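This report goes through one protein model, taking its backbone, its packing and its aromatic rings in turn. The sequence and the coordinates come first.

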Amino acid sequence: MSGVDTTLVADGVVRLHAAATECYVVRGKGGVLLVDAGLPAMWLAVDEAVRMLGAGPRDVKALVLTHGHFDHVGFARRAVSTLGVDVWAHEADARIVAHPYRYAHGRPRSWYPLRHPRSIPVLTAMAAKGALRVHGVRTTHPVRSDGVLDVPARPHAIHTPGHTDGHLVLHLPDRGLLFTGDALVTLDPYTGRTGPRVVARAGTADAEAALASLDRLPIGVHTILPGHGDPWTGDVREAVRQARAAGVP
């Protein structure tokens, strides 16, 4: 009904998917955690996702943003005003979280639809889900260093700068899950290409730093849950190898 798919992708984790954009609802000790806030229209499916996990709105305690771009901040303000959640993000992204269209990128975005026409339906669908009308939000809990966050499920935050200065990856080692945001995706919205990769320079501040940050991901077999694209399960080193081979257009 909302045009947003809700899928149980791991034990205690529901993926919200719309317009090639993903965010996640995670149940853990202490309540429910939102990982990213996708696009504004995805808010319509949050209640369904929470109930799929056997929880209710009052159980939602926090929103952790992997970074501050508009397609990850989407319904953050609604979550704060409706559920009263705390907002966690790296301190280096606090300005972008508040102003989600004011971010650095390595190449002009207008260049990409002309040279990568597969991106056109993706970007059009994102706009239809509210990508052009996202309101920023204040970070109530700035993350300053790697470590376990005091939120439900207690993810380990790993600073992975490059896509943005304050990009975070969230690791749940006990479940073998890695929420990679846009540090490592399986669909690049700016090119339409699939498979493990780093987002194109149209949306990445520093491509070389983004590639270097792949070394900060935990090794071993994990299910990667990215900000764009389908989950990927396997040895993280293989995903990193594929991302490096793909390069950064």
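A19 is buried, since its relative accessible area of 15% lies under the 20% cut-off. The model is a predicted one, and in it A19 sits in the loop between strand 2 (13-18) and strand 3, where this residue takes a positive phi of about 50° although it is not a glycine. Most residues other than glycine have a negative phi. A second alanine with this feature is A153, whose phi is positive at about 75°; the residue is placed in the loop between strand 8 (147-148) and strand 9 (156-159), and its relative accessibility of 15% means that A153 counts as buried. A positive phi of about 100° is also found at G130, just after helix 6.

## Overall build

The protein chain holds 8 helices and 15 strands. Its radius of gyration is 16 Å, close to the 18 Å that the globule rule gives for 249 residues, and the chain is therefore as compact as a globular protein of that length. The C-alpha trace spans about 45 × 40 × 30 Å along its principal axes. Of the 249 residues in the protein chain, 59% are buried. Among contacts with a separation of 6 or more, residues 24 or more positions apart account for 66%. The chain exposes about 10,200 Å², of which carbon and sulfur atoms supply 52%.

## Nonpolar cores

The largest nonpolar core has 46 residues, and those with the most contacts inside it are L16, V25, L34, M42, L63, L65 and F75. Apart from this core lies another, of 20 residues, which has A10, Y24, V64 and V151 among its members. Which residues does L34 touch, if those up to four places away in sequence are not counted? The partners of L34 are Y24, V25, V46, V60, A62, L63, V64, F75 and A79.

## Aromatic pairs

A pair of aromatic rings is described by the distance of the centres and the angle of the planes. The structure holds 5 aromatic pairs, and two of them are set out below.

| Pair | Distance of centres | Angle of planes | Arrangement |
|---|---|---|---|
| F70 and Y101 | 5.3 Å | 20° | stacked |
| Y112 and Y190 | 6.2 Å | 65° | edge-to-face |

The rings of F70 and Y101 have their planes at 20°, which is under the 30 degrees that bound the stacked class, so the pair is stacked. This pair links distant parts of the chain, with F70 in helix 2 (residues 70-73) and Y101 in the loop between helix 4 (94-98) and helix 5 (111-115), 31 residues apart. With a relative accessibility of 12%, F70 counts as buried, whereas Y101, at 34%, counts as partly exposed. F70 and Y101 also form one aromatic cluster together with Y103.

For Y112 and Y190 the planes stand at 65°, over the 60 degrees that the edge-to-face class requires, and the pair is therefore edge-to-face. Here too the pair links distant parts of the chain, since Y112 belongs to helix 5 and Y190 to the loop between strand 12 (185-187) and strand 13 (194-197), 78 residues apart. Both Y112 and Y190 are buried.

Y190 takes part in a further long-range approach, because its C-alpha atom and that of S110, 80 residues away along the chain, are separated by 9.8 Å. S110 is found in the loop between helix 4 and helix 5 and, at 59% relative accessibility, counts as exposed.

## The two sides of helix 6

Where do the buried residues of helix 6 lie, seen down its axis? The buried residues of helix 6 (residues 119-128) are S119, V122 and M126; seen down the helix axis they fall within an arc of 65°, so they line one face of the helix. An α-helix has 3.6 residues a turn, so residues three or four places apart point the same way. The buried residues of helix 6 pack against strand 3 (21-28), helix 2 and helix 5, while the face turned away from the buried side carries the exposed residues P121 and A128.

Conventions:
Residues numbered from 1 in each chain as written. Predicted model: local features only at pLDDT ≥ 70, side-chain atom pairs only at ≥ 80, totals over all residues. Heavy atoms only, no water. Core = buried A, V, L, I, M, F, W, Y, C linked by side-chain atoms within 4.5 Å. Buried < 20%, exposed > 50% of the residue type's maximum accessible area, 1.4 Å probe, protein only. Contact = heavy atoms within 4.5 Å. Phe/Tyr/Trp six-rings, centres within 6.5 Å; stacked < 30°, edge-to-face > 60°. Helix = DSSP H or I, 4+ residues; strand = E, 2+ residues; numbered from the N terminus. Arc of directions from axis to C-beta. Rg over C-alpha atoms; globule rule 2.2 N^0.38 Å. Areas by Shrake-Rupley, 256 points an atom, 1.4 Å probe, with all protein chains shown as cover.
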